[in-house]
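Please find below my notes on this structure, set out as numbered points. They are meant for someone opening it for the first time.

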Amino acid sequence: MTATAPRPFGRALCAMITPFTAAGALDPETARAHAAHLVAEGCDGIVLSGTTGESPTTTDAEKSALLRAVRAEVGDGVPLLSGIGSPDTAHTLRLAREAEEAGADGLLVVSPYYSRPPQAAVEAYFLRVAESTGLPLMLYDIPGRTGVRVEPETLLRLAEHPRIVAVKDCSYDLLGATKVLARTSLAYYSGCEELNLPLYAVGGAGYVSTVANVAPRRMRAPLDAFDAGRTDEAARLNGLTARLVELMMASGLPGTVTAKALLDAGPVREPLQPAGRGATDGLRKAYEELLAA
């Protein structure tokens, strides 16, 4: 099924961190270097200014500057998506237009958070964004952060819009995803590393991964094996990543914090706090074990 799955932004995408200087300012040069490394190590595309990119604490100007810097580094052949989610529709529309002007190939649009709008309002929100630019949209369903699902029935309706082409799925609802996959041409990208391979196996397009910041080839390897028909090897390779995924994404620390603990990319912005010495040592050990496997 994966052979015919739509992949409008590629298959292996990284939810990239936003590097900061020691003083806490945006660090475009480190961002450029990191983006180039990700592409060289097998990432098909990059998502900027998402959750991992600390979008709640970067300014609109910083988001545009980051996108322009990375575009200048990787050129036009690498899909770049810009996260534009906001609880304020007017602000989201401004971010969408600014991302288009700065050179984005697509928009990652999270459902409006905190206010917990009903499904009709969620649907209207996404349609407003889809009509605001000429860019394709990847809808971001992450109810654990937003407080509201993008229900499968809502996705079935939204899929009728020509610029709504993909979903980043963090709903932990494989049945719902399978239902939408069976009835639409939406490209489903896993946003939860432990579900990368399972979702791919039922027709998903790939993943948008935080862990890919530190292990891009290791995150891609199970999908490569699956595509080659080596399903046993795909399962084995997927299992090798489990400990690092657990520590980075399910240890109680945000993925941004754990990724930056393994990278020389500057501090996190408050209210986030850096990982402590014990957590960092554990992450480093799991990372080295994965690379040695």
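1. A salt bridge here is a side-chain nitrogen of Lys or Arg within 4 Å of a carboxyl oxygen of Asp or Glu. Lys-179 and Glu-153 fit this, with their closest N and O atoms 2.6 Å apart. The two residues sit in distant parts of the chain, Lys-179 in helix H7 (residues 174-183) and Glu-153 in helix H6, 26 residues apart. Lys-179 is partly exposed at 33% relative accessibility, and Glu-153 is also partly exposed, at 38%. The model is a predicted one, and side-chain atom pairs were counted only at pLDDT 80 or more.

2. On the overall form, the chain has 13 helices and eight strands. Its radius of gyration is 18 Å, close to the 19 Å that the globule rule gives for 293 residues, so the chain is as compact as a globular protein of that length. Along the principal axes, the C-alpha atoms fill a box of roughly 45 × 45 × 35 Å.

3. On burial and contacts, 54% of the 293 residues count as buried. The chain exposes about 12000 Å², and carbon and sulfur atoms supply 54% of that area. Among contacts with a separation of 6 or more, 68% are between residues 24 or more positions apart.

4. Strand S2 (residues 45-48) deserves a look. Gly-45 and Val-47 point one way from S2, Ile-46 and Leu-48 point the other way, and all of them are buried. In general, side chains in a regular strand alternate between the two faces of the sheet.

5. Which strands does S2 join through three bridges, running parallel? One is strand S1 (residues 12-15), and another is strand S3 (residues 80-83). Val-47 in S2 is the bridge partner of Ala-15, while Ile-46 stands opposite Leu-80 in S3. Between S2 and S3 the chain passes through helix H2 (residues 60-74), making a right-handed β-α-β crossover.

6. Helix H12 (residues 255-262) is mostly covered, with eight of its eight residues buried. The buried residues include Lys-260, alongside others such as Val-257 and Leu-262. Helix H11 (242-249) and helix H13 (277-292) are among the elements that cover the buried residues of H12.

7. How many salt bridges does the structure hold? The count is 19. One of them joins the side chains of Glu-131 and Arg-163, at 3.6 Å from N to O. This pair also links distant parts of the chain: Glu-131 lies in helix H4 (residues 119-132), and Arg-163 lies in the loop between helix H6 (152-158) and strand S6 (164-169), 32 residues apart. Glu-131 is exposed, with a relative accessible area of 52%, whereas Arg-163 is partly exposed at 23%.

8. Are the partners in the salt bridge of Arg-149 and Asp-141 buried or exposed? Both Arg-149 and Asp-141 are buried. The closest N and O atoms of this pair are 3.1 Å apart.

9. A further item is a network of salt bridges that links Arg-7, Arg-11, Asp-44, Arg-220, Asp-224 and Asp-227. As a general point, side chains of opposite charge can pair when their charged atoms come close.

Definitions and conventions: Residues are numbered from 1 along each chain as its sequence is written. This is a predicted model: local features need pLDDT of at least 70, side-chain atom pairs count only at pLDDT 80 or more; totals for chains, interfaces and linings use all residues. Side-chain values use heavy atoms; hydrogens and water are left out. Buried means under 20% relative accessible area, exposed over 50%, partly exposed in between (1.4 Å probe, protein chains only). Helices (H or I, at least four residues) and strands (E, at least two) are DSSP runs, numbered from the N terminus. Two strands pair if DSSP finds at least two bridges between them. A crossover is right-handed if, with the strands pointing away from the viewer, the path from the first strand over the helix to the second runs clockwise. Contact means heavy atoms within 4.5 Å. The radius of gyration is taken over C-alpha atoms; the globule rule is 2.2 Å times the number of residues to the power 0.38. Accessible areas come from the Shrake-Rupley method with a 1.4 Å probe; for residues, only the protein chains shown count as cover.
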